[in-house]
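Take a look at the model below. The text after it walks through the fold step by step.

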Amino acid sequence: YQQQLYEQQRQQCASACAPLAPTAAAAVGAAAAAQPSGSAIETDLGLFELLEGAPTPDQLTTVRARPPPPPVSTEELQSFLNDKGVMVDEAGFRERVFQAGIEPTARHEAWKYLLGVYPSGSSSSEQQQQRHQLEVQYATLKGQWQSIGPDQARRFAKWRERRSRIDKDVRRTDRLHPFYRGRDAAAHLTGLRDVLRAYSLFNFDLGYCQGMSDLASPLLVVMEGDEVDAFWCFVGLMERLESNFHTDQRGMHAQLTALRGLVQVLDPPLHALFEERDCLNYFFAFRWLLIHFKREFPFDQVLSLWEACWSCPLTPHLHLYMAAAVLIQQRRVLLTDTALDFDGLLRFCVELAGKIDLQGTLRLAEVLVVIAGQAGRHCLAGLS
């Protein structure tokens, strides 16, 4: 299985093998050269020096507590709403989610706030009206692809190609999860297929690309098989991640370049090692960024990671700091194993799946945001 993952990621890397423009590294050059402020912070990996302009340790109030507070419950979610059902403290809600996550029973509603399905400031009655409109729109999209008969499909190559890819990917997505193994497994697989087919028509310019089923599947699970809610949550998620799937790979190139800049700022010796081994394209992190670590953690931990990324008050690009944190956690092996050329490094990163401590890595990622300060923000400038 690991070999299959390695080969799949290697093929993705090869197809996106255009050289990365060294924009981020050049852009952060001046910022990275800034003299440290003299402040430092103790982490699980030792003492880190704060870059000039970064907050001091006593300002690290957003970094998650250890142990974390209890997750947001359905009752607490209601406490953020007024008597008309309007969320009156969205910042406070997101801060709580970031610090502690959400109870599984509360995710169905909470994720619709995090992913923008519920418009900001909308009341319960407005959300009910919107729900009816979204049901109608989704039914229309389903009707469109369901109405494509054999004669039309024979003349519609783009649709045939997308339908085939969706059907193939759905059959192998999260098949070990109980949601797709119980007595309702067939209905749930059909629901996932229908959500992806509808999206391929909703966003016809983008269509369907490998990896989208990895993103849509957890949404359908959290929405307990409700296709309408899962579809519109997927639309909200793809508003953030659409550039990951552009055929020209510009979105992924930009993120890999930004990650390269972050590592150069945060761990220059590790960056120098990647340069020495001709790995500055950072394609070993391609899958991590493409589907936001979906295959690197157990399913339930992926849900916790995603909601932390969606609610993070520090940066909209927490997943990039997560990638930097994983590399820094593995720096001892990376710096001492002389056999890790590009192929070895790619295999090494694939084989980390299931071996990364989520909470420790999240804590380190949050600390790295603060340590990087303005230099880190400079690396990420221009990302959507």
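What follows goes from the whole chain to the core, then to the aromatic rings, and last to one helix and one loop.

Bear in mind that this is a predicted model. The chain has 384 residues, and buried residues make up 55% of them. It holds 20 helices and two strands. Its accessible surface comes to about 17400 Å². Carbon and sulfur atoms account for 51% of that surface. Now consider the contacts between residues with a separation of 6 or more: 76% of these join residues 24 or more positions apart.

Next, the interior. The largest nonpolar core has 120 residues. Which residues have the most contacts inside this core? They are Phe 274, Phe 284 and Trp 288. Helix 20, residues 358-380, gives the most to the core, with 12 residues. Phe 274 is a good place to zoom in. Neighbours within four places in sequence aside, Phe 274 is in contact with Val 263, Cys 279, Leu 280, Tyr 282, Phe 284, Leu 327, Leu 334 and Leu 345. Phe 284 thus appears twice: as a contact of Phe 274, and among the residues with the most contacts inside the core.

Now the rings. The structure holds 20 aromatic pairs. One of them joins Tyr 138 and Phe 231. The pair is tilted, with 5.1 Å centre to centre and 45° between the planes. What does this pair tie together? Tyr 138 lies in helix 7 (residues 124-146) and Phe 231 in helix 12 (residues 227-241), so the pair ties together parts that are 93 residues apart in sequence. Are these two rings in buried or exposed residues? Tyr 138 has 3% relative accessibility and counts as buried, because the cut-off is under 20%. Phe 231 is buried as well, at 0%. A second tilted pair is formed by Phe 293 and Phe 297. Here the centres are 6.2 Å apart and the planes meet at 50°. Both residues of this pair are buried.

Tyr 138 and Phe 231 also belong to a cluster. Ring pairs link them with Tyr 199, Phe 202, Trp 232 and Phe 234. Two arginines lie over ring faces too. Arg 162 lies over the face of Phe 204, at 4.3 Å from the ring centre. Arg 197 lies over the face of Trp 145, at 4.8 Å from the ring centre.

Turn to helix 10, residues 185-202. At 1.5 Å a residue, its 18 residues should span 26 Å. The end C-alpha atoms are 25 Å apart, which agrees. Of those 18 residues, 13 are buried, so helix 10 is largely enclosed by the rest of the structure.

Last comes the loop between helix 6 (104-114) and helix 7, where Val 117 lies. Val 117 counts as buried, at 7% relative accessibility. Which residues does Val 117 contact, leaving aside neighbours within four places in sequence? They are Lys 112, Gln 130, Leu 134, Trp 232 and Cys 233. Trp 232 is also a member of the ring cluster. The C-alpha atoms of Val 117 and Val 235 are separated by 8.6 Å, although the two residues are 118 residues apart along the chain. Ser 123 is found in the loop between helix 6 and helix 7 as well. Ser 123 is buried, with a relative accessible area of 10%. Not counting residues up to four places away in sequence, Ser 123 touches Lys 84, Gly 85 and Val 86.

Methods. Residues are numbered from 1 along each chain as its sequence is written. This is a predicted model: local features need pLDDT of at least 70, side-chain atom pairs count only at pLDDT 80 or more; totals for chains, interfaces and linings use all residues. Side-chain values use heavy atoms; hydrogens and water are left out. A nonpolar core is a set of buried Ala, Val, Leu, Ile, Met, Phe, Trp, Tyr and Cys residues joined through side-chain atoms within 4.5 Å. Buried means under 20% relative accessible area, exposed over 50%, partly exposed in between (1.4 Å probe, protein chains only). Helices (H or I, at least four residues) and strands (E, at least two) are DSSP runs, numbered from the N terminus. Contact means heavy atoms within 4.5 Å. Rings of Phe, Tyr and Trp (its six-membered ring) pair if their centres lie within 6.5 Å; planes under 30 degrees apart count as stacked, over 60 as edge-to-face and the rest as tilted. A charge sits over a ring if NZ of Lys or CZ of Arg is within 6 Å of the ring centre and within 35 degrees of the ring normal. Accessible areas come from the Shrake-Rupley method with a 1.4 Å probe; for residues, only the protein chains shown count as cover. The expected span of a helix is 1.5 Å times one less than its number of residues.
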